[in-house]
Amino acid sequence: MIKIAPSILSADFGRLGSEVEKVEESGADWVHVDVMDGVFVPNITIGPGVVKSIRRFTKLPFDVHLMIVEPERYVDAFADAGSDIITIHFEATKDVRGTLEKIHGRGKRAGLSINPATPFSVVAPYIADLDLLLIMTVNPGFGGQVFMTECLSKVREAKRHATGIGADFDIEVDGGINAITGKLCVEAGANVLAAGNALFGCRDMRSEIAQWKRF
């Protein structure tokens, strides 16, 4: 089943609680939360305090994407704030396995993300430790970027690998996802679509999400 995870990076931060409620009312599966530190990526967004403040507005899982250096330092803070899935970047930590274990130790689902320039082969050794693999389809840091079609081959590779070893983990894509690129990603093997502008910027998020779930 295709899961849709609207990214609140594109929401109206002046009424963020209402925007999160809208996500649930529109039939989404997860709330995608992009956390940026201004170091790993050239932008700063939100921290665990904001995650905690919006937790009461929905029962949907919080899909928290940590685009921060040394994410191991903040696992506890984001777990305490109400995250359900905590995804770290392969490129941002020297202790990938240890950080994934720390996430699991807090009773959370653990995800690992890779940038467009990073090959799938680097995460293959960690597949057994993952609940989710997040393949970036733009260079992380800002919303509204153009989808990089070359990343589709990585989605296919991840799906082939999962099928080959009988692994059961979600394959998520994030960056430039819309009705056209999302369908391409699903056809390549992704089952979770994170999207900001295409969902928060459309006239009717509910109908848009319903369309995407039919891919």
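**Notebook: helix H6, the cores and some side chains**

I began at the N-terminal end of H6, which is capped by asparagine 178, with a side-chain oxygen of that residue lying 2.9 Å from the backbone nitrogen of isoleucine 180. I keep in mind throughout that this is a predicted model.

I then went through helix H6, residues 179–188, and noted that Thr181, Gly182, Cys185, Val186 and Ala188 are buried. Looking down the axis of H6, I found these buried residues within an arc of 160°, so they line one face of the helix. On the face turned away from the buried side I found the exposed residues Ile180 and Glu187. For the packing partners of the buried residues of H6, I noted helix H5 (152–165), strand S7 (170–174) and strand S8 (192–195). After H6 comes glycine 189, for which I read a positive phi, near 130°.

Next I turned to the nonpolar cores. The largest of them has 59 residues, and the members that touch the most others are Ile8 and Leu193. I listed the contacts of isoleucine 8, leaving out neighbours within four places in sequence, and obtained Phe13, Leu16, Val20, Val31, His32, Val33, Ile46, Ile54 and Phe200. I also noted a second, separate core of nine residues, with Trp30, Leu132, Val138 and Ala194 among them. As background, nonpolar side chains in soluble globular proteins tend to be buried together.

I looked for aromatic pairs and the count came to two. In one, the ring centres of phenylalanine 90 and tyrosine 126 are 6.5 Å apart and the planes stand at 55°, so I entered the pair as tilted. This pair links distant parts of the chain, 36 residues apart: phenylalanine 90 is in the loop between strand S4 (85–89) and helix H4 (96–105), and tyrosine 126 is in the loop between strand S5 (109–114) and strand S6 (132–136). Phenylalanine 90 counts as partly exposed at 24% relative accessibility, whereas tyrosine 126 is buried, with a relative accessible area of 16%.

The rings of tryptophan 212 and phenylalanine 215 have their centres 6.3 Å apart and their planes at 20°, so I entered that pair as stacked. Here tryptophan 212 counts as buried at 0% relative accessibility, while phenylalanine 215, at 23%, counts as partly exposed. I also checked for a charge over a ring and found the charged end of arginine 55 over the ring of phenylalanine 62, 3.8 Å from its centre.

I then looked up two polar residues. Threonine 87 is found in strand S4, and I noted it as buried, with a relative accessible area of 1%. Apart from neighbours within four places in sequence, threonine 87 is in contact with Asp63, Val64, His65, Leu66, Gly111, Leu112, Ser113, Leu132 and Leu134.

Aspartate 29 has its place in the loop between helix H1 (16–25) and strand S2 (31–36). Is aspartate 29 buried or exposed? With a relative accessible area of 16%, aspartate 29 is under the 20% limit and so is buried. I followed its side chain to the backbone nitrogen of isoleucine 4, reached at 2.8 Å, and recorded a polar contact of 3.3 Å between the side chains of aspartate 29 and lysine 213. Not counting residues up to four places away in sequence, aspartate 29 touches Met1, Ile2, Lys3, Ile4, Leu60, Pro61 and Lys213.

Terms used. Residues numbered from 1 in each chain as written. Predicted model: local features only at pLDDT ≥ 70, side-chain atom pairs only at ≥ 80, totals over all residues. Heavy atoms only, no water. Core = buried A, V, L, I, M, F, W, Y, C linked by side-chain atoms within 4.5 Å. Buried < 20%, exposed > 50% of the residue type's maximum accessible area, 1.4 Å probe, protein only. Contact = heavy atoms within 4.5 Å. Helix = DSSP H or I, 4+ residues; strand = E, 2+ residues; numbered from the N terminus. Arc of directions from axis to C-beta. Polar contact = N/O pair within 3.5 Å; in protein donor to acceptor, adjacent residues only side chain to side chain. Phe/Tyr/Trp six-rings, centres within 6.5 Å; stacked < 30°, edge-to-face > 60°. Lys NZ or Arg CZ within 6 Å of the ring centre and 35° of its normal.
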